[in-house]
Structures are given as structure tokens and as C-alpha cells.
Amino acid sequence: MFAIVLIFCCVVYFVAYRVKRRLPSPPVFPGALPIIGHLNVIPRDPLNMWDWEKSVHEFSLKNDGVAEIRFGTHAIFIVTDPDDSLSIANSCYSKPTIYDFAKEMYNRGLVTAGESTWKSHRKLLNPSFRQQVLNSLLDVFSEQAQTLVSNLEAEAGKHSFDVEPYLISHFINTASQTTLGLKTDDDSVITKHYGPATKDLFEIYLDRFLKPWLHIQCLYKISNLKQKQDALMKIISDISIAIIKQRKTEQKQDRELNYGQLSTSENFKPLLDNLLDLADTKDAFTDDEIKEHLNTMVTAAYDTTAKALYFIMILLGSHQDVQTRIFQELHEVLGADLAKDRKLTKHDLQGLVYLEAVIKESLRLYPPAPRIARYLDVDVKLKNYILPAGSTGVISTHSINRHPMWGADADNFKPERWLDPASLPSNPNAFASFSLGRRNCIGKTYAMMALKSTLVHICRQYHIICRTSHLQIRCQALQSPVSGQHLSIETRK
Ligand code: HEM
């Protein structure tokens, strides 16, 4: 009898031990209180956010790349290990409730779409973001970059100035043109109405993000912010619906003139045309869905690229050797055309390998989206932990990009590392600026092309000077340099 009880106890202990061994929970970051968790220590000020996140990330790195923080009683797992991050990204495609604020604005657009809509729409949209299709946008990238360069003339040779507003309006105009496909004579709809409304709407989202009491829907509904949101959404919706209707009419007339086919003479093909083709040939989207995709694309495109270029300009201004090398490369690739304002070709862009390395290195050190989040709708098994369903997984793109696998100089700005595959980490998930897995950034090739084209125009015209010794970062949903860095430009002789 004693032997049976002993064996039974051993079995129970062994099973319990195994279950415990197989299901360890990640360690909780120090400082959590009962009921409120870390709510009393999470900084509200976006300027202090970064230091706090840094200590959470260091704690996570020391604990196999995962740390738990608590938002009240809700568990949020901060993941800094590249492989574990990929496991989360490819096991769970749903977004946590914080994205619901943006859902009111963008609904079935890719960023906020629920899992089943996302799966089918992403499949349909992927071909529109292939290099070959995007090449048709190159002229718009060049034209818009030329406009940016002439607007910057007002600042050349003067004291330091705030370049951010120039970059924001440049990328809003570029994204709106390449997405909605307006001709240059319709430009004012974008520059005076659609662009500013898009920017203000995104700022409302960020503002709400920072005010926890406005996370409560019934309080938000009666707030001034919600009234502003509704007014801006109406402006954006009216403009995009009118543009969709107008483009449909143009395509109908085009077909009538071309015996049922669309004329192929036009090289430029904005996203709207691709969406209308899909609606026509595959019965894919309603007009409302097309509107939501267009508005999502413009918003997802402009702020990220503007912030990326702001960081790049600061880094170039403080690394004159890198700027000189870019200028030499422009000389080699563009030759006699360097001084001319000619539009760039796909061959020009392919040849600018050092410039590409500079962009990637800046994105590595300062990813505009320093973290992304997923709602864990299933238990997720990581290398050393299991994250329970019902919690939130936060993938820290910032920490992955500076993971020890980048070497002892992970925090240094060294574009050359991208020129030699042997000096890059062998793990393909070690660069996460465009997110990881199947729900990654659909616009990454577009972003690289837009950044490259804009930088060619800026660097051939101006010399950038930046005297910032310590880069101060504002960290909200996205991160950006604190406005008004000491950046100045001089026209090249
Ligand atoms: C340097 C510029 C850019 C960076 C750093 C960037 C980064 C990211 C990241 C980290 C995500 C994942 C977001 C999440 O899961 O919450 C994302 C998603 C997305 N990005 Fe970008 N992005 C950039 C430019 C663009 C551009 C130019 C476009 C459009 C032309 C774009 C369109 C999108 C869309 C639609 C998604 C959602 C994809 C999906 O859920 O299937 N992005 N981006």
C-alpha cells in the first residue's frame, strides 16, 4: 500500500514538475502593485517614455528576451528576442484594443483590419507593392522631391531650422499622389484639404493614446476630440469618395475609347487604379473598402517615412564623412547629370548601394515604429516561456535592431556594415524596422524608393549640418527626434 501511495505521489510530483517546467511564465518587471500593476510608474510624458522602456528592455534581455509588465491586471509581454518575436508575429494576427481607436478611422484598412478580412485583402493587395509595379511611381517621387528641394531654398544658408514640417508635407503629398492618383492640376485638394486633415486625424489618435481617460469609449464620445475626429473623417471621406467616383468615370470613358480595354499609354499607376482593377476583375472591394484602404495607406506611409528621413538628416549632419561618401556615390552613378534636376530611373536607384546602406542603418538605430503589438488569441510557445492567450505581446523592434547579435558596436552608426554580408547577423529576423512575419509592412519597398529618391535630390543640392550632440527622442506610437534639432543646410557650390 505504502509503495502504491509513494508511486502515486511521485507521478503527481513528476507531472506537476514537468507542467511547471514546460510552462514557465516570463518574469515580471519590478515595481508592479496589486490591481494597478505598473500604471503608476509608466511615464505619461513622451520625452520620458524612452528611458523607462530602456530599463524594461534591459530587464527583458537579461531574462531570455521577455519581460512582463502589467497594465492594471492585464499582462503585456515585452519581447526583445528576434526568434520569439517572429513566433508571436506568425502565431497571432489580431491587434490589441489600443488599435481600436484607429479602427474608427480606418476600419478594414490593412493596419486595423480583423484577421479574416486582413488575410484576404492582404493577399489581394500584395502584388500592388511589387518593385515592378512601384517603378511606375518613380516620376512622382522625383517631382515631389524637386518641390521639397525648392521649398527648402528659403532655409539655405540661414541658422538652424525645423525641417520636420517640410518633410511631413512632402511625404503627405507624395503618398496622396501615388495612392489617389491626382494629376498636378488637382494638387490643391491634397495640399489644402486632404493632406492637412489626414495629419490632424492621426494627431488626434496620438493625443487619445496619451490620455488614458479618453480610452473609455463613453468619455471619448462626449469629448471635443471626438467631435474634431468626426469633422476630419468627413472631410477625408468626402474627398476620397469623390476621387473614387471620378476615377471610375475616367476609366469607363477610357474603356469606351479603347474597345473595352484600359489604355496602357499611361506609365503612372496609382494604388487606386489597382484597387479598381481588383474590384472590377475579382469583385474584390466595395467603394467603402477602397476608401478605407486608400486612407490607411496614406497615413501609414507619410508619418513613418517623414520621421525616418528626419533621423537620417540628423545622422548625416553629424557624420560628415558619410555625407561625403554619399556625394561621391551620386557623382559616380549620376555622372554629368549630378547637377541637373533630371528625374531618377530605376537603374539610378539600384546603383546607389551606399545610400541604401545609410538608410537601412538609420532605420536600424531609429525605427520610426519602435514597437508593435499583437493580441494573443492563443497560447504562444517561445524558446523558454509560454505566453498565455488573452494577453498582449509587444515586439520591440528597437531592441531587436540593437540586439547583442549585431556585435559590440550595435549602438554605433556604421552604414558600411550593410555592404558586407559577413558583418551582418546571420539571423534574418535581426532587422525588424518593417516588422516581422506575414503581417509586416506592405510598403517597405515603396518606403525605400521614396526615401532614396528624396535623399538623392536633397544631397545633390544641399550640404546638411547638424550640431546635436545628444539626440533627444519623443516616443509615442511612433518615435521621432524632438522638434527643432539644430539642423541647417547650405547650397552646394
Ligand atoms: C520608413 C517607413 C516605414 C516604416 C518604418 C514602416 C513600418 C511598419 C511597421 C513596423 C508595420 C507593422 C505595424 C503593426 O503591426 O502594427 C507596418 C505596417 C504597415 N505599413 Fe509600413 N512602414 C513604413 C512605410 C510604409 C509605407 C510607405 C506604406 C504604404 C505605402 C506603409 C504601409 C503599411 C501598411 C498598410 C501596414 C499594415 C500591413 C498589414 O497589417 O498587413 N508603410 N509598417
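In this predicted model, the shell around the ligand comprises, by class, 18 nonpolar, 6 polar and 4 charged residues. Altogether 28 residues surround the ligand, and the closest of them are Tyr 99, Trp 118, Arg 122, Arg 439 and Cys 441. Three of these side chains place an N or O atom beside an oxygen atom of the ligand: that of Trp 118 at 2.6 Å, that of Arg 122, through a polar side-chain atom, at 2.7 Å, and that of Arg 439 at 2.9 Å. Two or more residues of the shell are supplied by each of helix H5 (115-125), helix H13 (287-318), strand E3 (371-375) and helix H18 (444-461), with H13 giving the most, namely 6 residues.

The ligand contains an iron atom, for which the SG atom of Cys 441 is the only protein donor, at a distance of 2.3 Å. Cys 441 is located in the loop that runs between helix H17 (397-401) and H18, and H18 is itself among the elements that give two or more residues to the shell around the ligand.

Apart from the surroundings of the ligand, the second largest pocket was examined, and its space amounts to about 800 Å³. Its lining is formed by 25 residues, among which Trp 50, Lys 54, Tyr 366, His 398 and Arg 402 lie nearest the centre of the pocket. Helix H2 (46-62), H13 and H17 are the elements that contribute two or more residues to this lining, and the largest share, 7 residues, comes from H2. H13 thus appears both in the lining of this pocket and in the shell around the ligand. Divided by class, the lining of the second largest pocket consists of 11 nonpolar, 9 polar and 5 charged residues.

With respect to enclosed space, the structure holds 1 cavity of 30 Å³ or more, and the largest cavity has a volume of about 40 Å³. The residues that line the largest cavity are Phe 171, Thr 174, Ala 175, Ala 301, Tyr 302, Thr 305, Tyr 446 and Ala 450, and the elements that give two or more residues to this lining are helix H8 (164-180), H13 and H18. In terms of class, 6 residues of the lining of the largest cavity are nonpolar and 2 are polar, whereas none is charged. H13 and H18, which contribute to the lining of the largest cavity, are also listed among the elements of the shell around the ligand.

Technical notes:
Residues are numbered from 1 along each chain as its sequence is written. This is a predicted model: local features need pLDDT of at least 70, side-chain atom pairs count only at pLDDT 80 or more; totals for chains, interfaces and linings use all residues. Side-chain values use heavy atoms; hydrogens and water are left out. A residue is near a molecule or strand if one of its heavy atoms lies within 4 Å of it. A polar contact is a pair of N or O atoms within 3.5 Å; within protein, one must be able to donate a hydrogen and the other to accept it, and residues adjacent in sequence count only if both atoms are side-chain atoms. Helices (H or I, at least four residues) and strands (E, at least two) are DSSP runs, numbered from the N terminus. Ala, Val, Leu, Ile, Met, Phe, Trp, Tyr, Cys and Pro count as nonpolar, Asp, Glu, Lys and Arg as charged, and the others, Gly among them, as polar. Donors are N, O and S atoms within 2.8 Å of the metal (3.2 Å for Na, K and Ca); water is not among the atoms, so sites may look incomplete. On a 1 Å grid over the protein atoms alone, a cavity is a set of points where a 1.4 Å probe fits but cannot get out, and a pocket is an open set with protein on both sides within 12 Å along at least five of seven lines; lining residues have an atom within 4 Å of a point. Grid points are joined across faces, edges and corners, and a volume is the space filled by probe spheres set on the points.
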